[in-house]
Amino acid sequence: MAERAQSVSIWSAGIVRPAMIASLTKLDPRQQIRNPVMFIVEAGSALTTAVFVQELISGTGRPAFTGQIVFWLWFTLIFANLAEAMAEGRGKAQAASLRRTKSDAMAFRIRDDQTETVPAAALRAGDMVRVEAGQVIPGDGEIIEGVASVDESAITGESAPVIRESGGDRSAVTGGTRVLSDWIVVRITTNPGETFLDRMIALVEGAERQKTPNEIALNILLAVLTLIFLLVVATLPPLAAYAGASLSIAVLISLLVCLMPTTIGALISSIGIAGMDRLVQYNVLAMSGRAVEAAGDVDTLLLDKTGTITLGNRHAAEFVPVAGVTRATLADAAQLASLADETPEGRSITVLAKEQFNIRTRTFASNEVTFVPFSASTRMSGVDLAGRRIRKGSFDAIKRLVESGGGMLSADLVASVERMARDGGTPLVVAENGRPLGVVHLKDIVKGGTRERFAHLRAMGIKTVMITGDNPLTAAAIAAEAGVDDYIAQATPEDKLKLIRDEQAAGRMVAMTGDGTNDAPALAQADVGVAMNTGTIAAKEAGNMIDLDSNPTKLIEIVAIGKQLLMTRGALTTFSIANDVAKYFAIIPAMFIVAFPQLRALNVMGLATPESAILSAVIFNAVIIIALIPLALRGVAYRPLGAAAILRRNLLVYGAGGVIVPFAGIKIIDVALVALGLA
Amino acid sequence: MALELIAVTVTIAFSIATSIPLGAYMFRVFSGARTIADPVLVPLERLVLRVCGVDAGAQQDWRSYAVSLLASNAVMWVATFAIVSAQHVLPINPDGIAAMEPALAFNTISSFVTNTNLQHYSGESGLSYFSQMFVIVFLQFVTAATGMAACVAAMRGLAGQRLAALGNFYVDATRAAVRILLPLSVPLAIVLMSQGTPMTFEGAARAATVEGASQTIARGVVAGEVAIKQLGSNGGGYFGPNSAHPFENPTPISNFAELWAIAVIPMAMVWTLGHFTRRRRLALVVFAVMLALYLPMVGVAIAQETGSMEGKEVRFGTASSALWAVTTTVTSNGSVNAMHDSLTPIGGLMPMIGMWLNNIFGGVGVGVINMLIFIIVAVFVAGMMIGRTPEFLGKKVEAREMKLASLAMLWHPLAILTGTAVACSVWASTGDPATALGWLKNPGPHGFSEMLYEFTSSAANNGSGFEGLGDNTPFWNVSTGLVMMLSRYIPIIAPLALAGALAAKPSAPETAGSLRADSAVFGFTVWAVIVILGLLMFMPVAVLGPIAESLAVRG
């Protein structure tokens, strides 16, 4: 995840202050009941508060001790609410500021070559608007003219401006973002109310956030653990009565709250919100939490060759002359033939000629040179210059040219052409005055690090399939070079759909990217379908995620974010359960020490008094929630490893760590409490 | 002592070694493959099925499988209750034993129908030979077969792909009884007879002692009963003192044979799981997890009991008694060859742990089912930790599976803790409880352990008693009777439904990115989940009973 966007600090005042207020308003039982674990904590806190008040009034019991328990129980709840509020806060803060800019945005609409000023809300799909430096872009659309640097921080949290320009994959702009320099003309593509911004506001502010299937299943596990601990605590008073001990309500509630999985219970919704938020930081909008979870489960990735595996265009890699011609001569001729060729392939020939033979760009008077542009009928381009007719073109085209002049192609030329095609390259034959000089090897350049990335994916058990329009020979060569597991050559949208169905029939989950209307069925069929923002409306509606940057490589990051979300959930569940061991060793001896003095042998932490032991456990339980908020929002450290290695690591960190950390933490709190004279 | 330890090692090793081919044989029996015993046993199986009117070809989904299981158990409950209530007028009653009173009969029949074999009556004086054969021995065969059938259905569910049917309950149960339990029981009974265990229809023997006094020595159809009692994790003895009685367990050789019989089918069930799921490594991992819980408990028990001969038989020694105490409780068997009440506090904690977990080998069939529940919980937590939604053997574990696993997991502590709490509050709220109730002779932590043990043994369908508890009272007869019934059927039906849900799902192929259930690291996860959840559920009661007692003894 190298290109991770810089995020708004969660500790910024703009997030923390409203979250603190929200953490209090969320104490409303009607809101709290949505999280059963925390609802029981609230009921226990209320009960203990009543006991505390009763003790104060009647002057019985230990109000100083009960009071501290009450204080920390409420703080457990407030910390839990704070975690959720902070997770929601980042999105809310962004949405709120965006909504502000949206409401007062004005737009210069271009109609019949006239510019008129209208409110952003009046724009409809198809309208053209001109946006100048300092202005907010009034709606989602595509740049049709101009280039500008755009501040997209309102949506992405990324403060560095990005360049948006007409044509190519960076032409999409999002309503609510701000043009910083230059001007652009945008064709609006969505109607008000359907924009990315509107959808994002709906997602982050949706009061009833839909629980995902895995969240529901986890909630069941947490509920049954809560029930088990409720049972353990509820049966203690009669057992204690048999033993001649009596247990106060404050102590029983303390034990219950410490045992219940409050850590994961408090953080579970934050983890889900943060996962969606992380995608937004990558400029990806997930339509549902379910899609993010599915991303973690993906077994097969369908990757478009161009842009994902290879750089967009072919590059000249070598000059191979025929016998009797030097490489310099060939390079010189090829460079001349490419001077007027503005395609990336043409430019790469001049670059290679300069690199290898120091042949510089030459200038000619316009009367001595005639550039012959590429035409579909001849399939050649070139230059006529002082009696030299230099042409470059496909093997077939040059062959026709040579044979029409009565010439023959030499055997070594044919051999070179065949070798290049076999290696996945494109041979470009150069001829001068009907005589072949040699071949320029145009190669697909596989992006740096691609092989390693695919090796990581393979280690994670994810199969990569390259989709390309190339012929099978070329596709096979590039597939081998890039290290993908499989490829489909001369792929049609139907091929993609069939592949997805086959993979799914074998029980695998498939992710793909797409942008064209003909990709829509495959995008809809895939478990994770990422539509490019530059793509058609049909594609965007078929997918369950939209990539605003229209960068197909991001599929790999999306999978990583999905996995990280689930890992965070699992790690904190493990941590939460493992914590209970130490809490038992703090509270159980403290509870029964009066009836059974011999139980001091179980006080392995050497806690000062029964009161300090119980209080320390409760305080640890509350404080650990706060301590883990950053982890819940950031996600656990993620490495592309095999399942066994990841499990080993997380078991060690969150399982063994979860057992050991509270022993130390409770002891430290106990020492502090004694030092402060609180227990 | 060294000799005793060698005997313990040999016993465990022999049980494991023989369980492997037995597991393979059981898979062949349940999957309908040919076995060497077919010429003798298949005609017998066909005969039983024809007499019972079973359509052997009919397949059942999990619901009708469960309904058949419950219905057949209900019929057996009513029939056997009628027999023990009328045994005084029924034949084969040479010693003229009277009818069983209703509360005790409720407890006894619930106990034997649920494969628990908790005995609030004393065997030799409470039941006629007719009842011993047609209630006790009959139920010991059939209920063991019921547990094995349920387990086999669950295994088919795990192994299946988009599968609706889990098999046929009547066929599975008949095969378990006729083709597995019967052929193992007969040679075992013969071995026991060779060691001196009686097998006779004659009434009690009368003998004149050397001092000239007259003595009545109970005997009867013992060898056959003992054989199936051990093989089917039943545990209910012919005589009150169970396998500590010299007729049930006369020599070290019979002791070895019985220890082997207690463990071999529960162990073999694990290998059968490997065959059904076509994952031998999974069986290996599950077996290793069980051993990693079992061996430390055996070690602790042997160390604790060394030198403590109280309540133990000199012909077996302390090590063998400690091994028996642990083995009989982990496997839900419940037969004893020493008095558990006399075990040292920590030594006595080991059998309780075995029953609290109830999944270390476990009862025939039900042990693997109980283990499945903990595996599902481990799969859920570990699955998320590797960054995928959890899956077991390629099948997604979702809300429905978690609900069913939770139900099964919750019930066990619910029964034990609530039962003990009720008993404690009855005791604490009764004036002068020692005379008014007559349950406990020595209250305090030891008395607490006795009550805790009774509910633990009932909930685990184990049947062993800590003894020392005056348990033939309406309170204990009714409460433990109910606990035994609910603790039998809830933890069978919920996992059956779970297996049915998993069976219907497609199985995704495993990749480097999926959680391998047959890996060592996952085995460790399961082990840790069992240890931590067990600790969290039962540490308070362990502290109030055995641990408080032990620490007090040490001072």
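# A walk through the two chains

Start by selecting A:D502 and A:K498, whose side chains form a salt bridge with the closest N and O atoms 3.0 Å apart. Keep in mind throughout that this is a predicted model. Both residues belong to helix α19 (residues 493-505) of chain A, and because they are four residues apart there, about one helical turn separates them. Colour the pair by accessibility: A:D502 is partly exposed, with a relative accessible area of 40%, while A:K498 counts as exposed at 53%.

Next, a network that involves both chains. Select A:D297, A:D299, B:R388, B:E391 and B:K396, which are joined into one network by salt bridges that share partners. Zoom in on A:D299 and B:R388: their salt bridge brings the closest N and O atoms to 3.1 Å. Across the interface of chain A and chain B, the rule finds two salt bridges. Over all chains, the count comes to 40.

## A salt bridge between two helices

Stay with chain A and select A:R569 and A:E293. What is the distance between the closest N and O atoms in the salt bridge of A:R569 with A:E293? The answer is 2.9 Å. A:R569 lies in helix α22 and A:E293 in helix α11, so this pair ties together parts that are 276 residues apart in sequence. Are the two partners buried or exposed? A:R569 is buried, at a relative accessible area of 1%, and A:E293 is buried too, at 4%.

## The interface

Now show both chains and select the residues in contact between them. You should find 60 residues of chain A touching 62 residues of chain B. About 5000 Å² is buried between the two chains, and carbon and sulfur atoms give 80% of that area. To see a leading part of chain A's contribution, pick A:L239, A:Y242 and A:L647: they supply 15% of the area that chain A buries against chain B, more than any other three residues.

For the polar side of the story, look for the eleven residue pairs in polar contact across this interface, counted where both residues have pLDDT of 80 or more. Then colour chain A by element. Those giving two or more residues to the side that touches chain B are α7 (213-234), α8 (236-243), α11 (289-296), α17 (450-459), α22 (555-592) and α24 (643-676). Which of the helices gives the largest share? That is α22(A), with 15 residues. By residue type, this side of chain A divides into 40 nonpolar, eleven polar and nine charged residues.

Cross over to chain B and select B:T420, which sits in helix α14 (residues 399-429). With 0% relative accessibility, B:T420 counts as buried. Leaving aside neighbours within four places in sequence, B:T420 is in contact with B:F448, B:M451, B:L452 and B:F455, and also with A:L239 from the other chain. You have met A:L239 already, as one of the three residues that together supply 15% of the area chain A buries against chain B.

## Strands of chain A

Return to chain A and select β13, residues 380-385. Five of its six residues are buried, so this strand is largely enclosed by the rest of the structure. On one side, β12 (residues 369-372) and β13(A) pair in the antiparallel sense over four bridges, and A:V369 stands opposite A:L385. β13(A) also pairs antiparallel with β14 (residues 388-393), here over six bridges, with A:M380 partnered by A:G393. In the hairpin of β13(A) and β14(A), two residues lie between the strands, and A:A386 takes a positive phi near 50°.

Show the side chains of A:D384 and A:R391 as well. They meet in a salt bridge of 3.0 Å, N to O. A:D384 is partly exposed at 25% relative accessible area, whereas A:R391 is buried at 14%.

A:R391 also leads you onward, as its bridge partner in β15(A) is A:A431. Four bridges join the antiparallel strands β14(A) and β15(A). Select β15 itself, residues 426-432, and you will find it mostly covered, with six of its seven residues buried.

Finish with β16 (residues 435-446), which pairs with β15(A) in the antiparallel sense over seven bridges. A:V430 has A:G438 as its bridge partner in β16(A). The hairpin formed by β15(A) and β16(A) has two residues between the strands, and A:N433 in its turn has a positive phi of about 50°.

Conventions: Residues numbered from 1 in each chain as written. Chains lettered and ligands numbered in written order. Predicted model: local features only at pLDDT ≥ 70, side-chain atom pairs only at ≥ 80, totals over all residues. Heavy atoms only, no water. Contact = heavy atoms within 4.5 Å. Buried area = accessible area lost by both parts, 1.4 Å probe. Salt bridge = Lys/Arg side-chain N within 4 Å of Asp/Glu carboxyl O. Polar contact = N/O pair within 3.5 Å; in protein donor to acceptor, adjacent residues only side chain to side chain. Nonpolar A, V, L, I, M, F, W, Y, C, P; charged D, E, K, R; others polar. Buried < 20%, exposed > 50% of the residue type's maximum accessible area, 1.4 Å probe, protein only. Pairing = 2+ DSSP bridges.
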